[in-house]
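Subject: Structure handover

Hello,

The sequence and the structure are below, as agreed. My notes on what was found follow directly after them.

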Amino acid sequence: MKTSGETIRSSRFRLERESDWLRLQAILDQAERRGVKSLAFEDARDLVTLYRQAVNALSVAREISLDSAIVAYLESLCARAYLVVYAPRASIRGVVSRFFRQGAPLAFRRSGIELVLAFVLMVLGGVAAFALTRTDPTWFYAFVPEGLAAGRGPQASADALRRVIYDSEPGAIEELGAFATYLFSHNTRVAIFSFVLGILACVPSALLMLYNGSVIGALGAIYADKGLGLDLFAWLSIHGVTELSAIAIATAGGFRLGRAVLFPGEKTRKAALADAAHDAVKLAVLAALMLVAAGLLEGFARQLVTAPVWRIAIGWSIGALWFFWLLGAGRQKGFVRSRPVATEATS
């Protein structure tokens, strides 16, 4: 139960500062309703000073155990003022612009080790599946699910395999469209799972990259056996350069999360994971954009362009554009190896 002395002390404390608190509250009300830009010069000038005075008053109120109602009021007032003073105020246009100019390229370059690892695992899976299927064609069924094979396999003739690539029969476009949709959905699922499951010590993501590479390797072995290796390479190039790169980027994001869990360093795992998530999320968004681009290439460009040389030229040229953008953008601030928390918080 409060004594009369404590009540008097709380009242005096409040009376001496209440005018400043009410003024700060009025400024905050206007800033929250109409934005900081609507503040008059005097209000904007006094905002930070009043905020600091309120923080000091809160500290004193807690120290000398004043009325809990005063402490609760000051906590609320200081929290509101903190958001108005320090919260980032960026437009959607500004956020999107920063993502393309700095955020995605810097996250890409900061994840070099993870990207190389993802590509290496994909290539290893492809080479192993190619070698095994060339040695024993029945290995094809171990690597390629029935829906993805779409009738292709060791028993398929060269003409049948060629028709899939060049849409040379009536109704082939519809069949290819259905297959392309299945392939796009399959690769999108792989990208999503590779990113999300990376947090589990990177192991599921690594296995998914090996598996995805093995599917391509097994298909390559079947087509190479029928003398259609270059045709398949061109067919895959026009969209695959972008699509497979997107999967590797999503996997690299998963690896960043997994590495933070495995090797948090001097930070707690929670802090290391939160820090790694900044780049990992940017990589996931980048991968999603690239998958959309790959879907457009798969749905339109591959149908319109059938010459292998043009398919290869288009696919790898677009890949080069991704490469130059991600390696070149944001260079004016230097190559950033570690993420500065303060300056990169919103990039």
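Val281 is a residue of helix H12. Its relative accessible area is 47%, so Val281 counts as partly exposed, below the limit of over 50% for exposed residues. Together with Ile92, Val96, Phe100, Val285 and Leu289, Val281 makes a nonpolar surface patch of about 510 Å². Two helices, H4 and H12, each contribute at least two residues to that patch. Please keep in mind that this is a predicted model.

Overall make-up

The chain has 347 residues, and 41% of them are buried. It contains 13 helices and zero strands. Read from the N terminus, the order of elements is therefore α-α-α-α-α-α-α-α-α-α-α-α-α. Taking contacts between residues at least 6 apart in sequence, 79% connect residues at least 24 apart. The accessible surface of the chain is about 18400 Å², and carbon and sulfur atoms account for 66% of that surface.

Nonpolar cores

The largest nonpolar core has 32 residues, and the members that touch the most others are Met209, Ile249, Leu286 and Trp325. Seven helices are listed as giving at least two residues each to this core: H4 (92-110), H5 (112-135), H9 (172-196), H10 (203-225), H11 (229-262), H12 (269-304) and H13 (308-328). H11 supplies the largest share, with eight residues. Another core lies apart from this one; it has 22 residues, including Leu39, Leu50, Leu77 and Cys78.

Trp325 is worth a separate entry. Leaving out residues up to four places away in sequence, Trp325 is in contact with Phe100, Ala104, Pro105 and Leu286. Of these, Leu286 is also among the core members with the most contacts to other members. Phe100 appears again in the nonpolar surface patch.

Aromatic residues

Nine aromatic pairs turn up in a search of the whole structure. One of them is formed by Trp139 and Phe143, whose ring centres are 5.8 Å apart with 20 degrees between the planes; this pair is stacked. The angle falls in that class because stacked planes are under 30 degrees apart. The two partners do not share a burial class: Trp139 is partly exposed at 37% relative accessibility, whereas Phe143 is buried at 15%. One aromatic cluster is made up of Phe99, Phe100, Trp322 and Trp325.

Phe143 also has a contact with Ser214. Is Ser214 buried or exposed? Ser214 is buried, because its relative accessible area of 6% is under the 20% limit. Ser214 sits in helix H10. Apart from residues up to four places away in sequence, Ser214 touches Gly125, Gly126, Ala129 and Phe143.

Salt bridges

The count of salt bridges comes to 15. Three of them are described here.

- Arg14 and Glu18: the side chains meet at 3.3 Å, N to O. Both residues belong to helix H1 (residues 4-34) and are four residues apart, about one turn of the helix. Arg14 is partly exposed at 37% relative accessible area, and Glu18 is partly exposed at 24%.
- Arg45 and Asp46: the closest N and O atoms are 3.1 Å apart. Arg45 has 48% relative accessibility and is partly exposed. Both residues are part of a network of salt bridges that also links Arg23 and Asp43.
- Lys267 and Asp275: the closest N and O atoms lie 2.9 Å apart. Lys267 is partly exposed, with 43% relative accessibility.

Which residues are linked in the network of salt bridges? They are Arg23, Asp43, Arg45 and Asp46.

For a first look at the model, two places can serve as starting points. One is Trp325, a member of the largest nonpolar core and of the aromatic cluster with Phe99, Phe100 and Trp322. The other is Val281 in helix H12, a part of the nonpolar surface patch.

Regards

Notes:
Residues numbered from 1 in each chain as written. Predicted model: local features only at pLDDT ≥ 70, side-chain atom pairs only at ≥ 80, totals over all residues. Heavy atoms only, no water. Core = buried A, V, L, I, M, F, W, Y, C linked by side-chain atoms within 4.5 Å. Buried < 20%, exposed > 50% of the residue type's maximum accessible area, 1.4 Å probe, protein only. Contact = heavy atoms within 4.5 Å. Areas by Shrake-Rupley, 256 points an atom, 1.4 Å probe, with all protein chains shown as cover. Phe/Tyr/Trp six-rings, centres within 6.5 Å; stacked < 30°, edge-to-face > 60°. Patch = residues over 30% accessible without salt bridge, like charges linked within 9 Å, V, L, I, M, F, W, Y side chains within 5 Å. Salt bridge = Lys/Arg side-chain N within 4 Å of Asp/Glu carboxyl O.
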